[in-house]
Amino acid sequence: MRQALTAWTIWARTIHVRAQHHREERDLRTSPRASTPRRYLMCPPTYYRVTYSINPWMDPGKPVDLQLALAQWEELRDRYRALGHTVEVLAPRTDLPDMVFAANGATVVDGRVLGARFAHPERWAEAAAHREWFRAHGYEAVREPEHINEGEGDFAVTATWLLAGRGFRSSPLSHPEAQEFFGRPVIGLDLVDPRYYHLDTALCVLDDSTDAEVMYYPGAFSPGSRAVLERLFPDALIATEEDAAALGLNAVSDGKHVLLPQAAVGLFEPLRARGYEPIGMDLGELLKGGGSVKCCTQELR
């Protein structure tokens, strides 16, 4: 184990040196960060509870403080609105305790909606609830997928492509389906650590423009996928194991403000050094279900 950790440290430091070089070049040509108004879909945790386990974070033996969960969720919603973003609300259902994790219900790009098809039966009915919401709100291009995907849990959107996770939940067959539907290249990434069962637990898009920037935890990915990420994002912010384990990468960026779990303390200064404004959020009760800021937030592009 010590040898493996040493090799990992050497690899991480090598990536850090390369990334620093690219950042220095980028900083010479980067204008100040600017936020852009976003529109989000969220679902309150009115019926949230942990009575089953479908990811390593969930333990039915640990009770959820529902009032605290609701207060934490409301703080996140209110913070988005205070930053100038629009928050739409999806009505919760008594029989679907995981609906609070709204990011999983669909992926929306250019007004086109690729619905979800959940891997676990406990969440199957959420997909239809999301599709109904979109159709009721005027979306015309709403696709019920053929293959398993869990929305923005495993699809991360940039101006150029979609990054797509696979390995624990979403099927590899969902990647060509998304590419065909959205008309954007899809880059498949293999997840190998069950703690990071969705892409949005291991990677966050900080800047979704054509000059995209991300932060990610290399240990969540296969060697080949790490090489792909290094090639695509040579100046990425590399998260430590400690910050990843705090679900620090389950974050939302509007191009300037980055809302992330407050326990991911090691990410705050690196984000500030790149011109972002990190905002720590306490979603400890939602973490008991395996989610944090991003899991609670679906972006309506």
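Biologist: Which classes of residue make up the lining of the largest cavity?

Modeller: The lining has 11 nonpolar, two polar and seven charged residues. Here Ala, Val, Leu, Ile, Met, Phe, Trp, Tyr, Cys and Pro count as nonpolar, Asp, Glu, Lys and Arg as charged, and the others, including Gly, as polar. This is a predicted model, where local features need pLDDT of at least 70 and side-chain atom pairs pLDDT 80 or more, while totals for chains, interfaces and linings use all residues. Residues are numbered from 1 along each chain as its sequence is written, and side-chain values use heavy atoms, without hydrogens and water.

Biologist: How many cavities are there, and how much space lies in the largest cavity?

Modeller: Rolling a probe the size of a water molecule over the atoms shows where empty space is left. A cavity is a set of points, on a 1 Å grid over the protein atoms alone, where a 1.4 Å probe fits but cannot get out; lining residues have an atom within 4 Å of a point. Points are joined across faces, edges and corners, and the volume is the space filled by probe spheres set on them. The count is five cavities of 30 Å³ or more, and the largest holds about 250 Å³. Of the 20 residues lining that largest cavity, Val205, Ala251, Lys294, Glu299 and Arg301 are the closest to its centre.

Biologist: Which strand gives the largest share of that lining?

Modeller: Strand 9 does, with four residues. Strand 6 (155–157), strand 9 (203–207) and strand 12 each supply at least two. Strands are DSSP runs of E of at least two residues, and helices runs of H or I of at least four, numbered from the N terminus.

Biologist: What is the strand order in the open sheet that includes strand 6?

Modeller: Strands of a sheet pair through backbone hydrogen bonds, either parallel or antiparallel. The open sheet of three strands has the order 6-7-8, with mixed pairing (at least two DSSP bridges per pair). Strand 6 and strand 8 (186–190) each have a single partner strand, so one side of each lacks a neighbour in the sheet. Strand 6 and strand 7 (residues 162–166) run antiparallel, joined by three bridges; Ala156 stands opposite Leu163 in strand 7.

Biologist: Is Leu247 buried or exposed, and what is its phi?

Modeller: Most residues other than glycine have a negative phi. Leu247 has a positive phi, near 55°, and lies in the loop between helix 6 (241–245) and strand 12 (252–253). Leu247 counts as buried because its relative accessibility is 0% (buried is under 20%, exposed over 50%, partly exposed in between, with a 1.4 Å probe and protein chains only). Asp110 also has a positive phi, near 55°, in the loop between strand 3 (106–109) and strand 4 (112–115). At 58%, Asp110 counts as exposed.

Note on methods. 1 Å grid on protein atoms, 1.4 Å probe; cavity = no way out; pocket = protein on both sides within 12 Å on 5 of 7 lines; lining within 4 Å.
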